[in-house]
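Here are a few short exercises to work through with the viewer open. Try each one yourself before reading the solution.

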Amino acid sequence: MRLIFEKSISGKRGVRFPERDVPSACNIPDGLKRKNYAELPEVSELDTVRHFTQLSQHNMGVDTNFYPLGSCTMKYNPKICEEAVLYKGLADLHPLIPQLPDGNKLTQGALQVLYETSQFLSEITGMAEFTMQPLAGAHGELTGTMMIAAYHASRGQKRKKVIIPDSAHGTNPASAAIAGYEVVSVPSNAEGVIDLDEFKKALDKETAAVMLTCPNTLGLFNTQIKKIADKTHEAGGLMYYDGANLNAILGKIRPGDIGFDIVHVNLHKTFGTPHGGGGPGAGPVGVKKNLVEFLPISRVVKKTDGTYALEYNYPSSIGYIAPFYGNFGVILKAYIYILLLGQKGLTRVAENSVLNANYIMKKLEPYYHLPYMRTCMHEFVISAVKQKKNGVRAVDIAKRLMDFGFHAPTVYFPLIVEEAIMIEPTETESKQTLDKFIDIMIKIAKEADENPKITKTAPHNLGISRLDEVKAAREPKLRWTK
Amino acid sequence: MFPDELKYTKTHEWAKMEENTDVVIVGITDHAVKQLGDIAFLELPEAGNKIKKDSPFGAIESIKAVFDLTSPVTGEVIETNQQITDNLELLNTDPYEQGWMIKIKIENKNEFESLMNASVYEGFLNEKGEEH
């Protein structure tokens with residue numbers, strides 16, 4: 001498809017300005033005037049509409065295709081949530097109103113949404129209280145690590161290490177490092193979970209916290225989790241739960257009950273709000289009772305008369321971490337999602353997401369190498385090492401999947417699996433879709449054996465063939481030139 | 001398979017002692033380059049930086065992911081290879097000579113001596129079942 005700049009015809013117009021009825025004047029100083037023409041595309045209104053409509057048709061999203069992107073929980077985003085956020089009383093609310101004198105009275109509905117969503121999340125994760133402010137998962141991690149630092153500082157301690165397993169999301173070590181901690185990476189064992197002996201070696205009086213995803217990025221639940229939490233607490237450290245994989249345990253296990261002190265949840269994963277290009281996200285953070293005093297301000301409180309208000313007077317708080325109260329629209333969608341599903345529905349989310357992942361994994365087992373042979377949770381990792389013998393790699397399989405109308409899964413993550421392909425179907429896909437995906441994965445495995453060239457040169461059926469990713473990375477061309 | 005005159009780490013760096021000096025040259029092995037696939041970006045420390053054994057001294061980025069480069073020894077960086085940052089192909093074509101990354105003035109020669117030799121490194125890769 002051509003760029004809109006390439007569709008430009010000199011003299012074509014989309015809009016005509018009305019004739020000027022005042023004297024012309026231009027007081028822009030010479031130094032601020034542009035020296036060359038802006039060279040904006042000259043196209044008609046219809047050209048523009050067609051261009052962007054065609055672009056949108058090249059999009060691949062949950063609304064158009066199966067999207068098994070591991071670790072991202074690309075589930076269906078209920079449209080009723082999208083509709084509710086457009087209600088004028090919520091969409092047009094000015095964020096400063098609750099901060100005006102008596103402004104609370106005009107914003108009770110919105111404050112109630114923030115308050116009740118935080119209550120729901122506390123109940124779901126087993127925490128005492130939540131801040132709804134962090135604007136994404138990694139922002140939640142940073143907020144959490146800052147509270148960890150504040151907690152230790154309040155006890156007169158300056159611990160310097162955060163322990164993170166080698167299978168972790170890259171944001172975990174990044175957040176800990178930005179908060180000023182030294183990251184200690186602990187290897188995984190043959191079962192695919194953090195190695196307990198190596199963990200004990202790394203744990204000491206300098207350990208501020210342990211950051212874990214459970215189930216982890218291999219989709220495996222760590223059965224030693226209580227032991228890890230107990231050891232960490234004995235050493236005076238805190239347990240941080242990265243909620244990226246919360247979908248697998250909704251209604252089944254609460255991180256707070258298995259020893260975690262801090263949790264962030266990704267509303268855009270677990271609670272069905274749009275993701276990626278359809279974002280933004282939200283990463284609320286919950287804490288146990290002993291950390292509540294460090295939560296960011298403002299906090300939404302429910303007063304004895306049943307009304308809601310913003311409260312700022314918390315001297316030990318880590319302070320402001322986001323403009324206003326977080327991504328309110330996202331929080332509202334998650335609130336509706338939780339109300340739609342209820343306790344039973346959320347439990348079925350976990351059950352079906354785990355069932356769907358295990359179903360695909362079992363069906364693919366004869367065709368792809370499975371580095372960890374155990375029942376998985378909501379996602380699993382296969383390796384393309386069998387196919388690599390014919391020169392077909394994980395990236396080739398991912399590209400080939402697109403030929404058949406599937407979004408590519410996550411590849412080359414987690415780093416501890418060679419030629420990793422990480423598949424997360426989520427609970428919202430039907431058995432028919434899963435079966436179609438399985439058939440295509442098997443077809444690609446056979447193709448990689450019999451005619452690897454097809455796989456290695458995929459995609460063949462899209463509007464665009466394989467991009468030169470290396471050239472794009474080494475010599476990025478960020479501007480269009482004639 | 002791997003040059004005998006070099007020492008190796010479990011994180012796939014090689015190290016070479018410059019004759020009659022206390023300077024160690026560091027790069028990454030042919031195996032590491034193959035595993036990374038196409039390399040898109042390399043970040044090296046500046047001369048004068050102090051680095052610690054087993055701690056990251058830089059990062060290497062392929063189209064798959066970013067990986068830390070781990071220092072085999074403790075010391076001060078005295079020179080980095082400016083040739084490769086602009087010409088990453090050198091890592092593929094000549095990882096052990098033109099593909100060197102940094103020179104480190106070391107404090108403790110034992111650290112260097114205790115690294116794996118070529119046959120131990122090869123054994124380590126075989127044990128992990130990795131091709132090389």
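The exercises below concern a predicted model.

**Exercise 1. Work out how compact chain A is for its 482 residues.**

Step 1: Take stock of the secondary structure, which in chain A amounts to 15 helices and 12 strands.
Step 2: Compare the radius of gyration of chain A, 26 Å, with the 23 Å from the globule rule; the two are close, so chain A is as compact as a globular protein of that length.
Step 3: Look at the extent of the C-alpha trace, about 75 × 75 × 45 Å along its principal axes.
Step 4: Check the interior: 42% of the 482 residues in chain A are buried.
Step 5: Turn to the contacts in chain A between residues at least 6 apart in sequence, of which 71% join residues at least 24 apart.

**Exercise 2. Decide how far helix α12 of chain A is enclosed by the rest of the structure.**

Step 1: Count a residue as buried if 20 or more other C-beta atoms lie within 10 Å of its own.
Step 2: Apply this to residues 394-403: eight of the 10 are buried, so helix α12 of chain A is largely enclosed.
Step 3: Name some of them; A:D396, A:K399 and A:R400 are among the buried residues.
Step 4: Find their packing partners in chain A, which are α11, β11, β12, α13 and α14.
Step 5: Move just past α12(A), where A:G405 has a positive phi of about 80 degrees.

**Exercise 3. Describe the side of chain B that touches chain A.**

Step 1: Count the residues in contact: six from chain B meet seven from chain A.
Step 2: Sort the chain B side by class, giving four nonpolar, no polar and two charged residues.

Note on methods: Residues are numbered from 1 along each chain as its sequence is written. Chains are lettered from A and ligands numbered from 1 in the order in which they are written. This is a predicted model: local features need pLDDT of at least 70, side-chain atom pairs count only at pLDDT 80 or more; totals for chains, interfaces and linings use all residues. A residue is buried if 20 or more other C-beta atoms lie within 10 Å of its own, exposed if 12 or fewer, and partly exposed in between; C-beta atoms are placed from the backbone. Helices (H or I, at least four residues) and strands (E, at least two) are DSSP runs, numbered from the N terminus. Two residues are in contact if their C-beta atoms, placed from the backbone, lie within 7 Å. The radius of gyration is taken over C-alpha atoms; the globule rule is 2.2 Å times the number of residues to the power 0.38. Ala, Val, Leu, Ile, Met, Phe, Trp, Tyr, Cys and Pro count as nonpolar, Asp, Glu, Lys and Arg as charged, and the others, Gly among them, as polar.
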